[in-house]
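Grab a pencil and work through these exercises with the structure open beside you. Try each task yourself before you read its solution.

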Amino acid sequence: MDLHPGRPIIVRTRSSLDRGKPQPGAFMLGGPARGNQPDLFSRLGPDERAQVAARGRRRRFQRGESVFNQGGQHDGILLIEEGLVRVFHTAASGREITLAYWLSGNFVGGPEIFGAGIHVWSGTAVRDTTGIMLAGAELRTLVERIPSLSMGIIEGLIFKGSCYSLLAQILGTLSVGERLVLVLQRLTQMYGVAVADGTMIASPFTHDDLAHMVGATRQWVSMTFRRLAEQGVLRVRRGQILILQPDWLDVSRDLD
């Protein structure tokens, strides 16, 4: 039973990831514009991976199936072998904000990794996903026996904590317009491809996708994009965003 190392793709939504292929690197509104996440399984040798697999329970989740639910009881973590899991928070109003997307080689189900407390966000399989579910007690036993697994878990929690902390600061201090500019800047850095009339963000993102990233409504994003198109800043072409004035993103702006 293999546990494949991999890299997460962060802060993209169901429709865009389901249509396109994963891109290298990481993206998160509250995280680095470039760079890879810590890879839990890259530290483990074959024998250590076998120990982890033996202690867990193989799980398969179909596309759209819930992995864990906000408000539900923690019962351990899922080590992702294949597939993609979206992690998101739902407000009392029903509005969702995407926190992260995790690929193979990463874990979801924290921060209470030993199976105590209540989930403060939800996780859903974006594509058919397989993984190893480790109950809190089993994980505790493994981290006591396998130092490299312990370090991998700690590194993952540190990275997530720092990203979510910065995300909270951004959501609390930047307007929704400023957040949209920040998203466009980072998407251009990661996925930008030079074309004859500007820079194409070479991965499809819908207005719903962007709304979930910045904590806005689809209607607000659509209205703002129409205004930017009228100003000659960008154009949406075949589901992809074409930045007609790349230098426009070099300046901090508020689109509200």
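**Exercise 1. Work out where methionine 151 sits and which surface patch includes Met151.**

Step 1: Start with the exposure. Methionine 151 has a relative accessible area of 41%, so it's partly exposed; buried means under 20%, exposed over 50%, and partly exposed is in between (1.4 Å probe, protein chains only).

Step 2: Now place it. Methionine 151 belongs to helix α4, residues 147-173. Helices (H or I, at least four residues) and strands (E, at least two) are DSSP runs, numbered from the N terminus.

Step 3: Find its partners. Met151, Ile154 and Ile158 make a nonpolar surface patch of about 280 Å². Patches are made of residues with over 30% relative accessible area and no salt bridge, with like charges joined within 9 Å and nonpolar side chains (Val, Leu, Ile, Met, Phe, Trp, Tyr) within 5 Å. Accessible areas come from the Shrake-Rupley method with a 1.4 Å probe, and for residues only the protein chains shown count as cover.

Before you go on, a note on the model: it is predicted, so local features need pLDDT of at least 70 and side-chain atom pairs count only at pLDDT 80 or more, while totals for chains, interfaces and linings use all residues. Residues are numbered from 1 along each chain as its sequence is written, and side-chain values use heavy atoms, leaving out hydrogens and water.

**Exercise 2. Decide where the prediction deserves caution, using pLDDT.**

Step 1: Know the score. pLDDT is the predictor's confidence in each residue, from 0 to 100.

Step 2: Look at the whole chain. The average pLDDT is 80, and 84% of the residues score at least 70.

Step 3: Find the extremes. Confidence is lowest in helix α1 (residues 14-19), with a mean of 42, and highest in strand β2 (residues 66-68), at 96.

Step 4: Check the start of the chain. Over residues 1-26 pLDDT stays under 50, though the model has 112 contacts beyond four places in sequence for them. A contact means heavy atoms within 4.5 Å. Don't lean on those details: where pLDDT is low, the predicted coordinates should not be read in detail.

**Exercise 3. Find which parts of the chain are tied together by the salt bridge between glutamate 138 and arginine 55, then look at two more pairs.**

Step 1: Use the rule. A salt bridge is a side-chain nitrogen of Lys or Arg within 4 Å of a carboxyl oxygen of Asp or Glu. A search of the whole structure turns up 6 of them.

Step 2: Take the pair in the task. Glutamate 138 and arginine 55 form a salt bridge, with their closest N and O atoms 2.7 Å apart. Glutamate 138 is in helix α3 (residues 136-145) and arginine 55 in helix α2 (residues 46-55), so the pair ties together parts 83 residues apart in sequence. Glutamate 138 is partly exposed at 26%, and arginine 55 is partly exposed at 30%.

Step 3: Move to glutamate 81 and arginine 58. Their salt bridge has closest N and O atoms 2.7 Å apart. This pair links distant parts of the chain, with glutamate 81 in strand β3 (residues 77-90) and arginine 58 in strand β1 (residues 57-61), 23 residues apart. Glutamate 81 is buried at 4% relative accessibility, whereas arginine 58 is partly exposed at 37%.

Step 4: Finish with arginine 86 and glutamate 96, whose closest N and O atoms are 3.0 Å apart in their salt bridge. Here the link runs from arginine 86 in strand β3 to glutamate 96 in strand β4 (residues 96-102), 10 residues apart. Arginine 86 has 0% relative accessibility, so it counts as buried.

**Exercise 4. Say what the side chain of threonine 224 reaches, and what serine 150 touches.**

Step 1: Threonine 224 is in helix α7, which spans residues 218-230. With 0% relative accessibility, threonine 224 counts as buried.

Step 2: The side chain of threonine 224 reaches the backbone oxygen of tryptophan 220 at 2.9 Å. Leaving aside residues up to four places away in sequence, threonine 224 touches Leu180 and Leu255.

Step 3: Serine 150 is in helix α4 and is buried, at 16%. Not counting residues up to four places away in sequence, serine 150 touches Val143 and Glu144.

How values were computed:
Polar contact = N/O pair within 3.5 Å; in protein donor to acceptor, adjacent residues only side chain to side chain.
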